[in-house]
Amino acid sequence: MEASLSPEAITQDLETRFIGRRVIYYPSVTSTNELAKEEARRGAEEGTVVIAGEQTVGRGRLRRSWLSPNGSIALSLVLYPAVAQLPSLIMVASLAVARSIEAVTGLKPRLKWPNDVLVGDRKVSGILVESEVRGSSVDYAVIGIGVNVNFRVADFPEIPPTATSLSDELGSGVSLPGLARRLLVELEGCYLALLAGASLYEEWRDSLVTLGKEVRVESGGATQVGIAQSVARDGSLLLRRPDGSLSRIVAGEVTLRHQTE
Ligand code: BT5
C-alpha cells in the first residue's frame, strides 16, 4: 500500500485531461484553500491542485476549523467556471468524493446537506467551495476537500465523535495516492459532465440522507426547525416549517443538524 503522498505518486498514470496536470504538494501547510486561492489570483492554469500531508489551519465553513492530521487528504482544486455553474460545484465535489471512496474501498458513502460526506452516519469528508465573483464573471473558484483516510479519529479529541475515517471503518489502511488519483479522475468526470450540460442534481439529491428528516437549521443566531422537504437545483434546501410554510435555505449560510445529534 502506498502510504504517503507526493506529486509523483499522484500524477503517475493519472488518467485526467487537465485536473492534476499540475500538482503542488506541501508536507505541511496552513490551508490548501488559501494557497490555491493565491495560485488562482496569479492565474494558475485550470485544474491546478494544491495538496498537503497535513494542514495546520484547515478551515471549514463559517470560520470553523477542519482538522487534517497526517493520514488525511487535504486538497484544493482551481477552476474557472461560469457564474451559472457555481451552485453545482458542491454537487461535483460531493459526488466525486462519494464515488472515489466507493471505488477504492467498497464503502457506500451518503451525503448530508450541504457539504458533508458520511459513511454510516459519521462524517468522513467535508467540502469547502470558495469563489471570487466580479459582476457576472467568476475570477476563480476553489474546491477544497478534506477526507479522513488513515488515522484513528479517537486519537484526536478536537475531532468530534460524529466523525470517522476510512481506516476506522475498514480496520485497515487505504492507499493515500491511490485515493487522491481516483478523486481527481472523478472530479474531472463530474466537472466535464457539468460543462457539457449534464445535470448532477438528480444523483446528488438522491444521495442525500437529509431529505424527509426533521432538522434544525442555525443561521445568524436564529434557529429554525422543520422537515427537510427537498433541495432545489441551485443546491438550496427547502424546509417545511411546523406552520406549513416553506423556507428556502441557501447552502453555505447555515449549519444543519439532525435533531438526534
Ligand atoms: C467542512 O466545514 O466540512 C469543510 C471542510 C473543508 C476542509 C478542506 S481540507 C482542504 C481545504 N483546505 C481548507 O482549509 N479547507 C478545505 P463544516 O461543515 O463547517 O464543518 C466543520 C466542522 O466539522 C468543525 O466545526 C468540526 O465540528 C468538524 N470537523 C473538524 N475536523 C473534522 C474532521 N477531520 N473530520 C470530521 N469532522 C471534522
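**View 1. N148 is a buried residue in this predicted model**. The relative accessible area of N148 is 2%, so N148 counts as buried, a word that stands for under 20%, while exposed stands for over 50% and partly exposed for anything in between (1.4 Å probe, protein chains only). Look for N148 in strand β7; helices (H or I, at least four residues) and strands (E, at least two) are DSSP runs, numbered from the N terminus. The side chain of N148 reaches the backbone oxygen of T164 at 3.0 Å. That is a polar contact: a pair of N or O atoms within 3.5 Å, where within protein one must be able to donate a hydrogen and the other to accept it, and residues adjacent in sequence count only if both atoms are side-chain atoms. Leaving aside residues up to four places away in sequence, N148 touches W66, L67, K123, V124, A163, T164, S165 and L166; a contact here is heavy atoms within 4.5 Å.

A note on reading these views: residues are numbered from 1 along each chain as its sequence is written, and side-chain values use heavy atoms, with hydrogens and water left out. Since the model is predicted, local features need pLDDT of at least 70 and side-chain atom pairs count only at pLDDT 80 or more, whereas totals for chains, interfaces and linings use all residues.

**View 2. A shell of 27 residues surrounds the ligand**. A residue is near the ligand if one of its heavy atoms lies within 4 Å of it. S31, R59, R64, K123 and N148 come nearest. At least two residues of the shell are supplied by each of α2 (32–41), β3 (72–79), β6 (122–134) and β7 (137–148). By type, the shell has 9 nonpolar, 13 polar and 5 charged residues; Ala, Val, Leu, Ile, Met, Phe, Trp, Tyr, Cys and Pro count as nonpolar, Asp, Glu, Lys and Arg as charged, and the others, Gly among them, as polar.

**View 3. Q55, R64 and N33 each have a polar atom facing the ligand at a short listed distance**. An oxygen atom of the ligand is 2.7 Å from an N or O atom in the side chain of R64. For Q55, a side-chain N or O atom is 2.9 Å from a nitrogen atom of the ligand. With N33, a polar backbone atom is 3.4 Å from a ligand nitrogen atom. How much of the ligand does the protein bury? Taken alone the ligand exposes 800 Å², and the protein buries 91% of that; accessible areas come from the Shrake-Rupley method with a 1.4 Å probe, and for residues only the protein chains shown count as cover.

**View 4. S167 lies in helix α4 (residues 166–170)**. S167 counts as buried at 14% relative accessibility. Its contacts, not counting residues up to four places away in sequence, are V149, N150, F151, S172 and G173.

**View 5. L62 and R63 sit in the loop between β2 and β3**. Most residues other than glycine have a negative phi. Phi of L62, however, is near 50 degrees, and phi of R63 is near 65 degrees. L62 is partly exposed at 45% relative accessible area, whereas R63 is exposed at 84%.

**View 6. The peptide bond from W113 to P114 is cis**. Its omega is near 0 degrees. You will find P114 in the loop between β4 (110–112) and β5 (116–119).
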